Amino acid sequence: MHIAKNTVVSLDVVLADIWGNTIERSDEPLQYLHGGYGNIFTVAEAVLEGKSVKDRVEMRLEPEEAFGDYDESLLRLEQRSRFPETLEVGMRFEGEAGSTDEGLFFTVTDIAEDKVVLDANHPLAGMALKVSCTVVGVRPATRDEIENGAADDPESMILRILP
């Protein structure tokens, strides 16, 4: 079977920077619903169209084709007193409801004496990426998957565009 609209595709994926340094490797096959449902980067979906099991593809994604350009307007400098006593670099917080930050997720990137630096950019924003995929499965999507616009295991897809 070939990858086409309304097929569920299982992939082994390696995500690397443009110098080939591995950023993430799938521990188990990742699934997505093929056919313009927004479950995978547009460029990746186009490259995978028509492929079948055991086919391997490599592609380079520019920042605008992956997680977007780095946006300095998504940086915040906040008072340390607004946060829990136990605070560490890498912790994540959701933007305040009812504010312009609602729906954004911020990562603590630095803590000074009385200030906290927050960043709502995706960790890979601004990076060109090399994606290597091996097709390990292709099957027809179920009616429910097509209606829901996602494979039964939508959380497994690391290539999904996140806020």
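Is His-122 buried or exposed, and what is its relative accessible area? The answer comes in the legend on His-122, after a look at the whole chain and its cores in this predicted model.

**Figure 1. The whole protein chain, with two helices and nine strands.** Going along the sequence, you meet the elements in the order β-β-β-α-β-β-β-β-β-β-α. The C-alpha trace spans about 60 × 40 × 25 Å along its principal axes. Of the 163 residues, 39% count as buried. Take the contacts between residues at least 6 apart in sequence, and 66% of them turn out to join residues at least 24 apart. About 9500 Å² of the chain is exposed, with carbon and sulfur atoms supplying 48% of that area. As for charge, there are 15 positive and 32 negative ones, and the mean positions of the two sets sit 5 Å apart.

**Figure 2. The largest nonpolar core, centred here on Leu-11 and Leu-48.** This core has 22 residues, and those two leucines touch the most other members. At least two residues apiece come from strand S1 (7-17), strand S3 (30-34), helix H1 (42-48), strand S4 (56-61) and strand S9 (129-140). S9 gives the largest share, with five residues. Zoom in on Leu-48 and, neighbours within four places in sequence aside, you'll find it in contact with Ile-3, Leu-11, Tyr-32, Ile-40, Val-57 and Val-135. A second core of eight residues lies apart from the largest one, and its members include Phe-83, Val-108, Val-116 and Leu-118. As a general point, nonpolar side chains in soluble globular proteins tend to be buried together.

**Figure 3. His-122, in the loop between strand S8 (115-119) and S9.** Back to the opening question: His-122 is buried, because its relative accessible area of 18% falls under the 20% cut-off. A polar atom of the His-122 side chain lies 2.9 Å from the backbone nitrogen of Leu-124.

**Figure 4. Met-91, in the loop between strand S5 (75-79) and strand S6 (92-94).** Met-91 counts as partly exposed, because its relative accessibility is 29%, and that class runs between 20% and 50%. Thr-107 is 16 residues away along the chain, yet its C-alpha atom is separated from that of Met-91 by 5.7 Å. Leaving out residues up to four places away in sequence, Met-91 touches Thr-86, Phe-106, Thr-107 and Val-108. Val-108 has already turned up in Figure 2, as one of the eight residues of the second core.

Notes. Residues are numbered from 1 along each chain as its sequence is written. This is a predicted model: local features need pLDDT of at least 70, side-chain atom pairs count only at pLDDT 80 or more; totals for chains, interfaces and linings use all residues. Side-chain values use heavy atoms; hydrogens and water are left out. Helices (H or I, at least four residues) and strands (E, at least two) are DSSP runs, numbered from the N terminus. Buried means under 20% relative accessible area, exposed over 50%, partly exposed in between (1.4 Å probe, protein chains only). Contact means heavy atoms within 4.5 Å. Accessible areas come from the Shrake-Rupley method with a 1.4 Å probe; for residues, only the protein chains shown count as cover. Lys and Arg count as positive and Asp and Glu as negative; His and the chain ends are not counted. The place of a charge is taken as NZ of Lys, CZ of Arg, CG of Asp or CD of Glu. A nonpolar core is a set of buried Ala, Val, Leu, Ile, Met, Phe, Trp, Tyr and Cys residues joined through side-chain atoms within 4.5 Å. A polar contact is a pair of N or O atoms within 3.5 Å; within protein, one must be able to donate a hydrogen and the other to accept it, and residues adjacent in sequence count only if both atoms are side-chain atoms.
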